[in-house]
Amino acid sequence: MSIARKLCCNHLLELEPYQSARRLGGSGEVWLNANELPFSFGDYAIDSSSYQRYPEVPSSSLLGAYADYTSFSADQLLSVRGADEGIELIIRAFCTPSVDRIVITPPTYGMYQVSANIHGVGIKEIPRSASFDLDVDALKAVDDAKLIFICSPNNPTGNLSSEQELRDILDTFRDSALVVVDEAYIEFCPEQTLLPLINEYPNLVIVRTLSKAFGLAAVRCGFVAAAKDVIELLSKIIAPYPVPAPVEQIAMQALSAQGLARMRQRVEEINRIRASFVERIVGMQGIVKVTASFGNFVLVEFSDEPKAVQLLASEGVVVRTPYTQGLIHNSQRISIGSAEQMDRVVVALGGLGR
Ligand SMILES: *Cc1c(COP(=O)(O)O)cnc(C)c1O
(Lines give C-alpha, C1' and ligand atoms only; values in the text may rest on other atoms or scores of the structure.)
Protein backbone atom coordinates (compact mmCIF):
# COMPACT_ATOMS: atom_id res chain seq x y z
CA MET A 1 0.00 0.00 0.00
CA SER A 2 1.35 3.45 -0.84
CA ILE A 3 2.29 5.76 2.00
CA ALA A 4 -0.50 8.10 0.92
CA ARG A 5 -3.16 5.39 1.09
CA LYS A 6 -1.74 4.06 4.35
CA LEU A 7 -1.77 7.42 6.13
CA CYS A 8 -4.78 9.23 4.75
CA CYS A 9 -8.02 9.78 6.64
CA ASN A 10 -9.80 6.46 6.38
CA HIS A 11 -13.08 7.79 5.10
CA LEU A 12 -11.32 9.36 2.10
CA LEU A 13 -10.26 6.00 0.63
CA GLU A 14 -13.76 5.32 -0.66
CA LEU A 15 -14.71 8.94 -1.33
CA GLU A 16 -16.34 9.73 -4.68
CA PRO A 17 -15.13 13.20 -5.68
CA TYR A 18 -17.64 15.67 -7.10
CA GLN A 19 -18.29 14.89 -10.75
CA SER A 20 -18.47 18.41 -12.12
CA ALA A 21 -19.82 18.78 -15.61
CA ARG A 22 -16.45 20.24 -16.59
CA ARG A 23 -14.52 17.31 -15.15
CA LEU A 24 -16.78 14.82 -16.94
CA GLY A 25 -16.35 16.74 -20.17
CA GLY A 26 -17.68 15.54 -23.50
CA SER A 27 -17.01 16.38 -27.10
CA GLY A 28 -18.87 18.90 -29.21
CA GLU A 29 -18.83 22.66 -29.53
CA VAL A 30 -22.15 23.57 -27.90
CA TRP A 31 -21.75 23.20 -24.14
CA LEU A 32 -25.11 23.02 -22.40
CA ASN A 33 -23.94 20.82 -19.54
CA ALA A 34 -22.86 23.20 -16.74
CA ASN A 35 -25.45 26.00 -16.57
CA GLU A 36 -22.91 28.52 -17.81
CA LEU A 37 -23.89 31.65 -19.73
CA PRO A 38 -23.38 31.25 -23.47
CA PHE A 39 -21.72 34.66 -23.79
CA SER A 40 -18.71 36.29 -22.16
CA PHE A 41 -18.76 39.80 -20.74
CA GLY A 42 -15.05 39.79 -21.32
CA ASP A 43 -13.83 43.37 -20.77
CA TYR A 44 -12.72 43.61 -17.15
CA ALA A 45 -9.82 45.87 -16.18
CA ILE A 46 -7.12 44.49 -13.89
CA ASP A 47 -4.84 46.74 -11.82
CA SER A 48 -1.68 44.82 -10.94
CA SER A 49 0.14 47.76 -9.34
CA SER A 50 0.03 46.30 -5.77
CA TYR A 51 0.04 42.56 -6.37
CA GLN A 52 3.22 42.23 -4.26
CA ARG A 53 1.06 42.98 -1.17
CA TYR A 54 -1.36 40.57 0.46
CA PRO A 55 -4.93 41.74 -0.12
CA GLU A 56 -6.96 43.51 2.55
CA VAL A 57 -9.03 40.95 4.54
CA PRO A 58 -11.90 41.11 4.43
CA SER A 59 -11.97 43.46 1.50
CA SER A 60 -14.12 46.36 2.62
CA SER A 61 -14.71 47.49 -0.94
CA LEU A 62 -15.91 44.08 -2.14
CA LEU A 63 -18.07 43.58 0.96
CA GLY A 64 -19.40 47.09 0.38
CA ALA A 65 -20.33 46.13 -3.18
CA TYR A 66 -22.11 42.98 -1.96
CA ALA A 67 -23.80 45.09 0.73
CA ASP A 68 -25.07 47.56 -1.88
CA TYR A 69 -26.25 44.72 -4.10
CA THR A 70 -28.14 42.98 -1.29
CA SER A 71 -29.10 45.98 0.90
CA PHE A 72 -27.40 44.29 3.84
CA SER A 73 -24.67 45.48 6.13
CA ALA A 74 -21.15 44.18 5.55
CA ASP A 75 -21.13 42.25 8.86
CA GLN A 76 -23.95 40.03 7.57
CA LEU A 77 -21.90 39.01 4.52
CA LEU A 78 -18.87 36.84 3.81
CA SER A 79 -17.05 36.94 0.53
CA VAL A 80 -16.03 33.46 -0.68
CA ARG A 81 -14.41 31.69 -3.64
CA GLY A 82 -17.65 30.58 -5.19
CA ALA A 83 -20.77 29.21 -3.52
CA ASP A 84 -19.03 25.85 -3.17
CA GLU A 85 -16.58 27.33 -0.68
CA GLY A 86 -19.52 28.81 1.23
CA ILE A 87 -21.18 25.38 1.43
CA GLU A 88 -17.96 23.78 2.67
CA LEU A 89 -17.34 26.44 5.32
CA ILE A 90 -20.88 26.08 6.67
CA ILE A 91 -20.48 22.30 7.02
CA ARG A 92 -17.04 22.64 8.64
CA ALA A 93 -18.17 25.32 11.06
CA PHE A 94 -21.35 23.63 12.26
CA CYS A 95 -20.89 19.87 11.93
CA THR A 96 -18.63 17.70 14.06
CA PRO A 97 -17.29 14.80 11.97
CA SER A 98 -18.81 11.38 12.81
CA VAL A 99 -21.35 13.08 15.07
CA ASP A 100 -23.54 15.52 13.17
CA ARG A 101 -25.71 15.21 10.11
CA ILE A 102 -26.99 17.40 7.33
CA VAL A 103 -30.29 17.04 5.49
CA ILE A 104 -30.46 17.11 1.71
CA THR A 105 -33.53 16.93 -0.54
CA PRO A 106 -32.69 14.85 -3.63
CA PRO A 107 -32.75 15.28 -6.53
CA THR A 108 -30.67 18.34 -5.77
CA TYR A 109 -27.21 19.86 -6.17
CA GLY A 110 -24.50 17.25 -5.51
CA MET A 111 -21.95 19.30 -3.59
CA TYR A 112 -23.80 19.24 -0.24
CA GLN A 113 -23.33 15.49 -0.09
CA VAL A 114 -19.76 15.56 -1.40
CA SER A 115 -18.71 18.27 1.08
CA ALA A 116 -20.31 16.36 3.94
CA ASN A 117 -18.56 13.16 2.85
CA ILE A 118 -15.20 14.92 2.69
CA HIS A 119 -15.58 16.10 6.27
CA GLY A 120 -16.95 12.80 7.61
CA VAL A 121 -20.37 14.35 8.25
CA GLY A 122 -23.51 12.19 7.93
CA ILE A 123 -26.36 12.71 5.52
CA LYS A 124 -30.09 12.30 5.84
CA GLU A 125 -32.09 12.35 2.63
CA ILE A 126 -35.62 13.69 2.52
CA PRO A 127 -36.53 13.08 -1.13
CA ARG A 128 -38.66 15.50 -3.12
CA SER A 129 -42.07 14.47 -4.48
CA ALA A 130 -42.65 13.38 -8.09
CA SER A 131 -43.26 17.05 -8.93
CA PHE A 132 -39.95 17.90 -7.18
CA ASP A 133 -41.60 19.79 -4.32
CA LEU A 134 -40.14 19.57 -0.82
CA ASP A 135 -41.68 17.03 1.53
CA VAL A 136 -42.23 19.69 4.18
CA ASP A 137 -43.85 17.39 6.72
CA ALA A 138 -40.98 14.91 6.52
CA LEU A 139 -38.47 17.75 6.77
CA LYS A 140 -40.19 19.15 9.85
CA ALA A 141 -40.10 15.73 11.49
CA VAL A 142 -36.29 15.55 11.34
CA ASP A 143 -34.93 15.86 14.86
CA ASP A 144 -31.23 15.13 14.53
CA ALA A 145 -29.74 17.43 11.91
CA LYS A 146 -27.62 20.54 12.29
CA LEU A 147 -28.04 21.83 8.75
CA ILE A 148 -30.82 21.60 6.18
CA PHE A 149 -29.75 22.37 2.61
CA ILE A 150 -32.43 23.66 0.26
CA CYS A 151 -31.61 24.75 -3.25
CA SER A 152 -34.13 27.21 -4.72
CA PRO A 153 -34.46 27.41 -7.69
CA ASN A 154 -33.38 23.79 -7.36
CA ASN A 155 -30.59 22.40 -9.49
CA PRO A 156 -31.30 20.22 -11.53
CA THR A 157 -35.10 20.49 -11.48
CA GLY A 158 -35.45 24.28 -11.79
CA ASN A 159 -38.47 24.65 -9.53
CA LEU A 160 -38.75 27.02 -6.58
CA SER A 161 -39.74 26.40 -2.99
CA SER A 162 -42.35 28.87 -1.82
CA GLU A 163 -41.64 31.45 0.86
CA GLN A 164 -44.44 29.90 2.92
CA GLU A 165 -42.83 26.44 2.83
CA LEU A 166 -39.45 27.86 3.76
CA ARG A 167 -40.90 29.96 6.60
CA ASP A 168 -42.59 26.84 7.91
CA ILE A 169 -39.25 25.00 7.93
CA LEU A 170 -37.36 27.99 9.37
CA ASP A 171 -39.90 28.32 12.20
CA THR A 172 -39.71 24.61 13.02
CA PHE A 173 -35.93 24.68 13.34
CA ARG A 174 -35.63 28.16 14.83
CA ASP A 175 -33.69 26.83 17.84
CA SER A 176 -32.29 23.59 16.49
CA ALA A 177 -30.87 23.80 12.95
CA LEU A 178 -29.62 26.21 10.32
CA VAL A 179 -31.52 26.25 7.05
CA VAL A 180 -29.09 26.90 4.20
CA VAL A 181 -30.83 28.19 1.10
CA ASP A 182 -28.70 27.96 -2.03
CA GLU A 183 -29.73 30.80 -4.33
CA ALA A 184 -27.18 30.16 -7.09
CA TYR A 185 -29.83 30.87 -9.76
CA ILE A 186 -31.85 33.56 -8.00
CA GLU A 187 -30.81 36.32 -10.42
CA PHE A 188 -33.03 34.61 -13.01
CA CYS A 189 -36.05 35.26 -10.71
CA PRO A 190 -34.75 38.00 -8.38
CA GLU A 191 -38.12 38.80 -6.78
CA GLN A 192 -38.05 35.32 -5.20
CA THR A 193 -35.00 35.85 -3.00
CA LEU A 194 -35.28 35.10 0.69
CA LEU A 195 -32.60 37.66 1.59
CA PRO A 196 -35.05 39.95 3.43
CA LEU A 197 -35.91 37.07 5.81
CA ILE A 198 -32.39 37.07 7.23
CA ASN A 199 -33.36 39.89 9.58
CA GLU A 200 -36.25 37.75 10.85
CA TYR A 201 -34.59 34.34 11.13
CA PRO A 202 -31.29 33.85 12.97
CA ASN A 203 -31.16 30.32 11.51
CA LEU A 204 -31.33 31.31 7.84
CA VAL A 205 -28.13 31.21 5.76
CA ILE A 206 -28.14 32.16 2.08
CA VAL A 207 -25.45 31.17 -0.40
CA ARG A 208 -24.99 33.14 -3.63
CA THR A 209 -22.58 33.08 -6.56
CA LEU A 210 -21.40 35.22 -9.47
CA SER A 211 -20.79 32.04 -11.51
CA LYS A 212 -24.21 31.82 -13.13
CA ALA A 213 -26.14 34.98 -14.07
CA PHE A 214 -23.03 37.17 -13.81
CA GLY A 215 -21.15 34.84 -16.14
CA LEU A 216 -18.07 34.60 -13.91
CA ALA A 217 -17.76 30.85 -13.33
CA ALA A 218 -14.01 30.88 -14.06
CA VAL A 219 -13.35 33.75 -11.65
CA ARG A 220 -14.60 31.92 -8.52
CA CYS A 221 -16.52 34.41 -6.41
CA GLY A 222 -19.69 34.48 -4.39
CA PHE A 223 -20.95 35.32 -0.94
CA VAL A 224 -22.78 34.03 2.10
CA ALA A 225 -25.45 36.16 3.79
CA ALA A 226 -26.61 35.40 7.35
CA ALA A 227 -26.90 36.78 10.86
CA LYS A 228 -23.74 38.48 12.10
CA ASP A 229 -22.78 35.68 14.49
CA VAL A 230 -23.00 33.04 11.74
CA ILE A 231 -20.74 35.17 9.55
CA GLU A 232 -18.27 35.63 12.43
CA LEU A 233 -17.97 31.86 12.87
CA LEU A 234 -17.45 31.23 9.17
CA SER A 235 -14.81 33.99 9.09
CA LYS A 236 -12.85 32.17 11.78
CA ILE A 237 -12.20 29.16 9.58
CA ILE A 238 -11.90 30.65 6.09
CA ALA A 239 -8.39 30.75 4.56
CA PRO A 240 -6.33 33.79 5.61
CA TYR A 241 -6.46 35.53 2.22
CA PRO A 242 -9.41 33.89 0.55
CA VAL A 243 -10.24 36.22 -2.32
CA PRO A 244 -7.39 36.99 -4.75
CA ALA A 245 -7.02 40.66 -5.69
CA PRO A 246 -7.75 40.15 -9.42
CA VAL A 247 -10.94 38.29 -8.48
CA GLU A 248 -11.99 41.15 -6.24
CA GLN A 249 -11.32 43.67 -9.01
CA ILE A 250 -13.44 41.73 -11.47
CA ALA A 251 -16.26 41.15 -8.98
CA MET A 252 -16.38 44.87 -8.16
CA GLN A 253 -16.86 45.68 -11.83
CA ALA A 254 -19.56 43.02 -12.16
CA LEU A 255 -21.38 44.59 -9.20
CA SER A 256 -21.10 48.19 -10.46
CA ALA A 257 -24.26 49.90 -11.72
CA GLN A 258 -23.15 49.19 -15.27
CA GLY A 259 -22.25 45.56 -14.48
CA LEU A 260 -25.61 44.96 -12.82
CA ALA A 261 -27.50 46.51 -15.75
CA ARG A 262 -25.59 44.25 -18.14
CA MET A 263 -26.29 41.17 -16.00
CA ARG A 264 -30.02 42.00 -15.84
CA GLN A 265 -30.18 42.44 -19.58
CA ARG A 266 -28.55 39.03 -20.10
CA VAL A 267 -30.95 37.45 -17.61
CA GLU A 268 -33.92 38.82 -19.57
CA GLU A 269 -32.45 37.44 -22.75
CA ILE A 270 -31.83 33.98 -21.25
CA ASN A 271 -35.32 33.89 -19.73
CA ARG A 272 -36.80 34.78 -23.12
CA ILE A 273 -34.77 32.07 -24.87
CA ARG A 274 -35.81 29.56 -22.18
CA ALA A 275 -39.52 30.36 -22.61
CA SER A 276 -39.36 29.96 -26.37
CA PHE A 277 -37.29 26.75 -26.10
CA VAL A 278 -39.78 25.21 -23.67
CA GLU A 279 -42.69 26.22 -25.88
CA ARG A 280 -41.07 24.50 -28.84
CA ILE A 281 -40.21 21.19 -27.16
CA VAL A 282 -43.33 20.65 -25.03
CA GLY A 283 -45.44 17.97 -26.69
CA MET A 284 -42.68 16.80 -29.04
CA GLN A 285 -42.65 13.08 -29.64
CA GLY A 286 -40.33 11.32 -27.17
CA ILE A 287 -40.55 14.13 -24.59
CA VAL A 288 -42.44 13.03 -21.52
CA LYS A 289 -42.19 16.11 -19.32
CA VAL A 290 -40.56 19.53 -19.19
CA THR A 291 -40.38 20.91 -15.66
CA ALA A 292 -41.14 24.62 -15.39
CA SER A 293 -37.81 26.25 -14.56
CA PHE A 294 -36.79 29.47 -12.84
CA GLY A 295 -33.09 29.04 -13.68
CA ASN A 296 -30.96 29.09 -16.85
CA PHE A 297 -31.63 25.40 -17.53
CA VAL A 298 -34.55 23.03 -17.93
CA LEU A 299 -35.01 19.45 -16.85
CA VAL A 300 -36.47 17.40 -19.66
CA GLU A 301 -37.75 13.85 -19.24
CA PHE A 302 -37.44 11.63 -22.29
CA SER A 303 -39.00 8.28 -23.11
CA ASP A 304 -35.54 7.26 -24.42
CA GLU A 305 -32.90 9.39 -22.70
CA PRO A 306 -29.84 7.69 -24.25
CA LYS A 307 -31.28 8.30 -27.72
CA ALA A 308 -31.84 11.99 -26.89
CA VAL A 309 -28.22 12.33 -25.73
CA GLN A 310 -27.03 10.62 -28.91
CA LEU A 311 -29.10 12.93 -31.12
CA LEU A 312 -27.80 15.97 -29.24
CA ALA A 313 -24.22 14.74 -29.58
CA SER A 314 -24.68 14.34 -33.33
CA GLU A 315 -25.52 18.07 -33.44
CA GLY A 316 -22.40 18.84 -31.37
CA VAL A 317 -24.41 19.53 -28.19
CA VAL A 318 -22.77 18.40 -24.94
CA VAL A 319 -25.06 17.57 -22.03
CA ARG A 320 -24.39 15.87 -18.70
CA THR A 321 -23.75 12.22 -18.11
CA PRO A 322 -27.09 10.62 -17.24
CA TYR A 323 -28.48 10.98 -13.75
CA THR A 324 -28.72 7.83 -11.72
CA GLN A 325 -31.25 9.08 -9.16
CA GLY A 326 -34.58 7.31 -9.53
CA LEU A 327 -36.85 10.30 -10.05
CA ILE A 328 -34.76 11.77 -12.85
CA HIS A 329 -32.93 8.84 -14.43
CA ASN A 330 -34.74 9.40 -17.74
CA SER A 331 -34.11 13.15 -17.65
CA GLN A 332 -31.47 15.54 -18.89
CA ARG A 333 -30.78 19.00 -17.54
CA ILE A 334 -30.23 21.23 -20.56
CA SER A 335 -28.60 24.62 -19.94
CA ILE A 336 -30.03 27.56 -21.85
CA GLY A 337 -27.54 28.70 -24.48
CA SER A 338 -27.88 31.29 -27.24
CA ALA A 339 -30.95 31.28 -29.50
CA GLU A 340 -28.89 29.60 -32.24
CA GLN A 341 -27.65 26.92 -29.86
CA MET A 342 -31.19 26.16 -28.72
CA ASP A 343 -32.26 25.91 -32.37
CA ARG A 344 -29.70 23.12 -32.70
CA VAL A 345 -31.13 21.38 -29.66
CA VAL A 346 -34.64 21.57 -31.11
CA VAL A 347 -33.43 20.20 -34.45
CA ALA A 348 -31.61 17.34 -32.70
CA LEU A 349 -34.61 16.44 -30.54
CA GLY A 350 -36.80 16.43 -33.64
CA GLY A 351 -35.05 13.14 -34.38
CA LEU A 352 -36.82 11.53 -31.41
CA GLY A 353 -39.96 11.20 -33.51
CA ARG A 354 -38.15 9.36 -36.29
C1 LIG B 1 -23.19 26.13 -9.78
C2 LIG B 1 -23.74 25.96 -8.43
C3 LIG B 1 -23.00 26.25 -7.28
C4 LIG B 1 -21.53 26.53 -7.34
O5 LIG B 1 -21.26 27.82 -7.55
P6 LIG B 1 -19.75 28.34 -7.55
O7 LIG B 1 -19.95 29.72 -7.06
O8 LIG B 1 -19.29 28.27 -8.95
O9 LIG B 1 -18.96 27.52 -6.61
C10 LIG B 1 -23.60 26.17 -6.05
N11 LIG B 1 -24.88 25.78 -5.93
C12 LIG B 1 -25.62 25.46 -7.01
C13 LIG B 1 -27.01 25.03 -6.83
C14 LIG B 1 -25.07 25.52 -8.28
O15 LIG B 1 -25.79 25.14 -9.33
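I began with Val103 and looked for its bridge partner in strand 5, which turns out to be Ile148. Worth jotting down before going on: this is a predicted model.

**Strand 5 and its neighbours**

Val103 belongs to strand 3, residues 101–104, and I find that strand 3 pairs with strand 5 in the parallel sense over 2 bridges. Next I went to the other side of the pairing list. Strand 5 (residues 147–151) also pairs with strand 6 (residues 178–182), again parallel, over 5 bridges. Within that pairing I noted that Phe149 stands opposite Val180. I then followed the chain from strand 5 to strand 6: it passes through helix 7 (residues 163–172), and this β-α-β crossover is right-handed. I also checked Cys151, whose bridge partner in strand 6 is Asp182.

**The sheet around them**

I wrote out the strand order of this open sheet of 7 strands as 2-8-7-6-5-3-4, with mixed pairing. Which strands are at the edges? I get strand 2 (77–80) and strand 4 (122–125), each of which pairs on one side only. Neighbouring strands here are turned by 20° against each other on average, ignoring direction. Helix 8 (residues 228–237) packs on the sheet and touches strand 2, strand 7 (204–209) and strand 8 (222–226). I have the direction of helix 8 at about 135° to that of strand 8.

**How enclosed is strand 5?**

I looked up burial along strand 5 and found 5 of the 5 residues buried, so the strand is largely enclosed by the rest of the structure. Both faces are covered. On one side I have Leu147, Phe149 and Cys151, and on the other Ile148 and Ile150, all of them buried. So Ile148, the partner of Val103, and Phe149, which faces Val180, both sit in an enclosed strand.

**Cysteines**

How many disulfides does a search of the whole structure find? The count comes back as 0. I looked at Cys8, which is in no disulfide: the nearest cysteine sulfur is that of Cys9, 6.4 Å away, and the cut-off is 2.5 Å. Cys8 itself is partly exposed, at a relative accessible area of 29%.

Why is there no bond for Cys151? Because the closest cysteine sulfur, in Cys189, is 11 Å from its own, which is too far. Cys151 is buried, with a relative accessible area of 1%.

**The other sheet**

I moved on to an open sheet of 3 strands, order 9-10-12, with antiparallel pairing. Its edge strands are strand 9 (287–290) and strand 12 (331–335), each pairing on one side only. The average turn between neighbouring strands of this sheet is 30°, direction ignored. Strand 10 (residues 297–302) pairs with strand 12 in the antiparallel sense over 5 bridges. For one bridge I looked up Phe297, and its partner in strand 12 is Ser335.

Which helix lies across these strands? I find helix 10 (residues 257–281) lying across strand 9, strand 10 and strand 12. Helix 10 runs at about 10° to strand 10.

Key
Residues are numbered from 1 along each chain as its sequence is written. This is a predicted model: local features need pLDDT of at least 70, side-chain atom pairs count only at pLDDT 80 or more; totals for chains, interfaces and linings use all residues. Side-chain values use heavy atoms; hydrogens and water are left out. Two strands pair if DSSP finds at least two bridges between them. Helices (H or I, at least four residues) and strands (E, at least two) are DSSP runs, numbered from the N terminus. Axes are lines fitted to C-alpha atoms, for helices over the stretch in contact, and angles run from 0 to 180 degrees between N-to-C directions. Contact means heavy atoms within 4.5 Å. Buried means under 20% relative accessible area, exposed over 50%, partly exposed in between (1.4 Å probe, protein chains only). A crossover is right-handed if, with the strands pointing away from the viewer, the path from the first strand over the helix to the second runs clockwise.
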